[in-house]
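User: Please give me a close look at one part of this model, namely how its helices pack against each other. Feel free to ramble a bit, as long as the geometry is spelled out.

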Amino acid sequence: MLSKRIFSSLILIIITILSLQIRWLLAFTTTMLIIGALLEFFNMVEKKGIYIYKYFGTAVGVIIPLSIYFKFELTKGWELLFIVVLLVTLFLLQFTRRENSGAVVGISTTLFGILYISWFFSFVVKINFLQYGSGILASLILITKTGDIGAFLVGTKWGKHALIPRISPKKSIEGTLGCLIFSTLTGMASHIFLPFFSYLHLAGLGCSLGIIGQFGDLSESLIKRDCQVKDAGNIFPGLGGILDIIDSLLFTAPALYFYMSIVLK
């Protein structure tokens, strides 16, 4: 299992490094990860017997990161227009079904999947367009994923007190503290990418992202618990599915984007 984890991690590290260097590759990689994560999410939900619009939802999910990359905007507040059109289209698709049962759950779950995965993860592309975008994005990934690693290592070695056992029995308070320590230290180390911030500022930023990342991790655990699955997928041996890899980034990416949008004005 350890060798599989190392191999999968190396592949992800290589992809990440290349994507940080080439903007179009970042948009492509982000889109591919969104497609995979959406399919994993919709497949999990289908196991609960919920009828969802899987392929329509996945197709719509692709539009979001690509529209950001190509800077396509019909209106200034196009996100709101997008949500309205999406919801109306889902109702139209529901009208074509012969069954009325589960309509609200199916429509709501499809919309939730698009917003939770595609919209949230697309902030990775948005961050790259910010001033110092590459450095901010590199810091985001390092802080978030180092926090995940810290939670795993400390939790595995010293974890004795369950955090929220009904959601994730293996996550411990000790692991969460490990995440915060690793995230804080990595935040300070991110000074190499963000030299205009003080070490104290970066320590606070790292700790904050560590907390937010844990919320993202727990949120995905809640979804998997509800769907009664251990991993969202198995595309990365030893690590699980795509959603298992990006779950914490789904929360930290939009949080850091909005924070930097304010700070860098």
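Analyst: α4 passes α5 in a right-handed crossing (the near helix is turned clockwise from the far one by less than a right angle; anticlockwise would be left-handed). Bear in mind that this is a predicted model, where local features need pLDDT of at least 70 and side-chain atom pairs count only at pLDDT 80 or more, while totals for chains, interfaces and linings use all residues. Numbering starts from 1 along each chain as its sequence is written, and side-chain values use heavy atoms, with hydrogens and water left out.

Back to the pair: α4 and α5 (residues 103-121) pack at an angle of about 145 degrees, their axes 10 Å apart (lines fitted to C-alpha atoms over the stretch in contact, with angles from 0 to 180 degrees between N-to-C directions). On the α4 side you'll find Glu79, Ile83, Leu86, Leu87, Leu90, Phe91 and Gln94, and these meet Ala103, Ile107, Thr110, Leu111, Ile114, Leu115 and Trp119 of α5 (contact is heavy atoms within 4.5 Å). α4 itself covers residues 78-95, and Leu92 sits in it (helices are DSSP runs of H or I, at least four residues, numbered from the N terminus).

α4 has another partner, α3 (residues 54-69): their axes come within 12 Å and cross at roughly 165 degrees. That angle makes α3 roughly antiparallel to α4 (over 145 degrees; under 35 is roughly parallel, 65 to 115 roughly perpendicular, the rest oblique). Here too the crossing is right-handed. From α3, the contact uses Phe56, Val60, Ile63, Ile64 and Ser67, and from α4 it uses Trp78, Phe82, Leu86, Thr89, Leu90 and Leu93. So Leu86 and Leu90 turn up in the α3 contact as well as in the one with α5.

Now follow α5 to its other neighbour, α11 (residues 249-263): those axes come within 8 Å and cross at roughly 50 degrees. The two helices are therefore oblique to each other, and this crossing is left-handed. Tyr116, Ile117, Phe120 and Phe121 of α5 meet Leu249, Leu250, Phe251, Ala253 and Pro254 of α11.
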